[in-house]
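Could you walk me through this structure, stop by stop? I have it open in a viewer and would like to know what to select next.

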Amino acid sequence: MSNSQEKESRKKKESIPKSIDPAALEMIDIADKAGLSTVFSRVDEMKPCPIGAAGSCCALCAMGPCRLVGKNAEEKTGICGATHGTFGARYMVRSVAGGVAAHSDHGRDIARTLLAVSTGDAEGYSIKDPEKLGRVAEMLDISTEGKDTNQLAGEVARKALDNFNGTAGDELNFVKRAPEKRQELWRKLNLVPRGVDREVVESMHRTHVGVDQDAEHLLDQAMRTSLADGWGGAMLATDLSDVLFGTPKPLVAESNLGVLKDDEVNIIVHGHEPTLSEMIVAATQDPEIIEYARSKGAKGVNLAGICCTANEILMRHGIPPAGNFLHQELAIITGSVDAMVVDVQCVLQALQPLAEKFHTKLITTSPKAKIPGATHVEFKEERALDIAKDIVRMGIDNYANRGETSIPEQTGDLVAGFSHEYISYMLGGRYRASFRPLNDNIINGRIQGAVAIVGCNNPRVTQDEGIIYLVRELIKRDILVVQTGCAAHASAKHGLLQPEIMAEAGAGLREVCEAVGMPPVLHLGSCVDNSRIMTVLSNIVEEGGLGEDISDLPAAAICPEYYCEKALAIGTYAAASGAYVVFGVRNPVEDCKEVVELMSNGWEEKVGGQLVFEPDYEKILEMVTNRIQEKREALGIQEEKERVLMDMAARREI
Ligand code: NFS
């Protein structure tokens, strides 16, 4: 369905359901009755600009903005002569650069924290996974010989910073984590990123009016910049977070707004960077802080998360996520949030005016982000734990101001914490950690393939609907699902991240999952942790038997409810790495036909991956399952092996 068809069908339906999550619906109803403005009401009031929505507007200079609309729009140009293709390609490059900047700045801050830890200048932090520090050092070409943990941490942090600055050499170090064949292809096409900052700066330069005007050449830069994220900034963010805060292992938790408590101080951390949230976790567990909460009449301090910060502390501590992106306002409307602590990214400016209608204290913490009206408590690593305690005390002090609350009952049980290291351990056991059993079961057809369902919520589509539909339909078809970001929260809320969901999986996938003790839907973490998926795909290729490159694998990625530039950056690096990537919602460059063609068939030919957009979830399902079958056919493994009932010996073999 095209954007315009989708628009028509929406018009007929008048307005789409806001969510499939009963907790969200309950809170939206309360908001509507109280006349509170939320993202769900504002999205109805603000129709998208149809010219911008299809990529037909260029606002990059003061001769315009120019718009290419009406008859023969494809033949028209902007005042400078820029074509529709140039409009769309520049839009993609700038969006990707924005997303890469966000993820990578996050990664850079983790590297700076690691450096401060190595010199003893970061209060409260320590190196939780020294073994991983050693492995990361090797990947960064740093010898571990005769070095103590702090010395090694300092060298790793500096080398990581070199990767951001572009002073690590001609190629980012982690590029060599990709399959050999992929690396060669990137080198041949000049797509190897040279430094995270350098690619972002070059993207901004090349999209300035009057510089790069060739759509294909611009899109090559979109790919190179995105690769600086997936195999650079985000990958460093994941690895260094594991080093500092611990590599995740499976754990159980609860999710959704029902995790908020009436008789405890509720503190929500929302945003992305784990440096502060890790310290807030420590502060809320401090006996002195708990005692302080009790002295104010609360039974204790209840910490919960929203967005990717939630994923970071869920993966490592089992702290419950209160919900995904579209839950941030709804949490405040429960009337039970005493403090919402935010840092960067995906934080709605509308939170403050809403918080003022309740007792919630909105606290901004990043030197990079302030919100008018919110309380700003700037976070500094040197005094991290003290600052975290101050913030928690502010929440505790606010508990007495709570009025009536309306906390929905819904919670969803979940298992999270699947790092790529743990997946390999889970498959092969402690002494033989390996992806072999996964490869073998893909080859024998018990597992047909793997799909990543990742990304955001977007109020332009029904919250969680696409994510849940696709997860359910894919596991039914014996396709293993991996998840990150707000899409993983969606599955958590709807109970799809618990082992019981095995009953919904196809017989083949179920057999393998039962034998290995692995759920059919794996939560791999926050959005920067999509880099874990890249590592898993490389490991599968390396294990052998499924081709020589990521583009050979029966795998795909879907971002059904995307809303932001970070998602476009991730989608682009996945495609540039050889994955078939489908986004829902709408195509932001739909009318730029040249760009649509380049990102689909053009990239297929060039890098073996695609970035395509399709708002219809049934079609997405068909596209992705067809792709998996095509790849199986190309590998010569399309014939499903005769299914035998598994006895103990066969299970042991798996
Ligand atoms: Ni990803 Fe995570 Fe969520 Fe989307 Fe925002 S929190 S970094 S961008 S909305 S998945």
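Here is a tour that goes from the metal site to a few backbone details. Keep in mind along the way that this is a predicted model.

**Stop 1: the nickel site**

Start by selecting the nickel atom of the ligand. Which protein atom serves as its donor? The single donor from the protein is SG of Cys527, at 2.3 Å. Now look at the geometry: the 4 donor atoms around the nickel atom subtend angles of 87 to 166°, and the arrangement is therefore irregular. To place the cysteine in the fold, show the backbone around it: Cys527 is in the loop that runs between strand E13 (521–523) and helix H22 (530–543).

**Stop 2: arginine 532 and its network**

Next, move to helix H22 and select arginine 532, which lies in that helix. Is this arginine buried or exposed? With a relative accessibility of 0%, arginine 532 counts as buried. Setting aside neighbours within four places in sequence, you will find arginine 532 in contact with Lys132, Thr238, Asp242, Pro248, Arg316, Phe418, Ser419, His420, Glu421 and Leu524.

Now widen the selection to the charged residues. A network of salt bridges links Arg532 with Lys132, Arg135, Arg177, Asp239, Asp242, Glu312, Arg316, Glu421 and Asp529. From there, pick Arg177 and look at its charged end: it sits over the ring of phenylalanine 174, 4.8 Å from the ring centre.

**Stop 3: salt bridges elsewhere**

How many salt bridges does the structure hold? There are 46 salt bridges, and three of them make good places to pause.

- Select aspartate 44 and lysine 18, whose side chains form a salt bridge of 2.6 Å, N to O. Aspartate 44 is in helix H3 (residues 39–45) and lysine 18 in the loop between helix H1 (3–12) and helix H2 (22–33), so this pair ties together parts that are 26 residues apart in sequence. Aspartate 44 is partly exposed, at a relative accessible area of 37%.
- Then go to glutamate 155 and lysine 147, where the side chains meet in a salt bridge of 3.0 Å, N to O. Glutamate 155 counts as partly exposed at 24% relative accessibility, and lysine 147 counts as partly exposed at 23%.
- Finally, try glutamate 511 and arginine 446, joined by a salt bridge of 3.0 Å, N to O. Helix H21 (residues 507–516) holds glutamate 511, while arginine 446 is in the loop between helix H18 (436–443) and strand E11 (449–453), so the pair ties together parts 65 residues apart in sequence. Both glutamate 511 and arginine 446 are buried.

**Stop 4: aromatic rings**

Switch your display to the aromatic side chains; the structure holds 8 aromatic pairs. One to select is tyrosine 125 with phenylalanine 245, a tilted pair with 6.2 Å from centre to centre and 50° between the planes. Because tyrosine 125 lies in the loop between helix H5 (84–118) and helix H6 (130–139) and phenylalanine 245 in helix H10 (residues 215–245), the pair ties together parts that are 120 residues apart in sequence. Tyrosine 125 and phenylalanine 245 are both buried. For a group of rings, select Phe418, Tyr422 and Tyr425, which form one aromatic cluster.

**Stop 5: asparagine 163**

Now select asparagine 163, in helix H7 (residues 149–165). At 3% relative accessibility, asparagine 163 counts as buried. What surrounds asparagine 163, leaving aside neighbours within four places in sequence? Its contacts are Leu140, Ala168, Leu172, Asn173, Gly195, Val196 and Leu236. If you want a distance to draw, the C-alpha atoms of asparagine 163 and tryptophan 186 are 18 Å apart, with their positions 23 residues apart along the chain.

**Stop 6: backbone details**

End with the main chain. Select glycine 64 and proline 65, which are joined by a cis peptide bond with omega at about 0°. Proline 65 is in the loop between strand E1 (57–58) and strand E2 (66–67).

Where can you find positive phi in a residue other than glycine? One place is asparagine 190, with phi near 60°. Asparagine 190 is in the loop between helix H8 (180–189) and helix H9 (196–206), and at 54% relative accessibility it counts as exposed. Valine 585 also has a positive phi, near 70°. Valine 585 is in the loop between strand E15 (580–583) and helix H24 (593–607), and at 10% relative accessibility it counts as buried.

Key:
Residues are numbered from 1 along each chain as its sequence is written. This is a predicted model: local features need pLDDT of at least 70, side-chain atom pairs count only at pLDDT 80 or more; totals for chains, interfaces and linings use all residues. Side-chain values use heavy atoms; hydrogens and water are left out. Donors are N, O and S atoms within 2.8 Å of the metal (3.2 Å for Na, K and Ca); water is not among the atoms, so sites may look incomplete. Four donors count as tetrahedral if all angles lie between 85 and 135 degrees; four count as square planar and six as octahedral if opposite donors are over 155 degrees apart and all others between 65 and 115; anything else is irregular. Helices (H or I, at least four residues) and strands (E, at least two) are DSSP runs, numbered from the N terminus. Rings of Phe, Tyr and Trp (its six-membered ring) pair if their centres lie within 6.5 Å; planes under 30 degrees apart count as stacked, over 60 as edge-to-face and the rest as tilted. Buried means under 20% relative accessible area, exposed over 50%, partly exposed in between (1.4 Å probe, protein chains only). A charge sits over a ring if NZ of Lys or CZ of Arg is within 6 Å of the ring centre and within 35 degrees of the ring normal. A salt bridge is a side-chain nitrogen of Lys or Arg within 4 Å of a carboxyl oxygen of Asp or Glu. Contact means heavy atoms within 4.5 Å.
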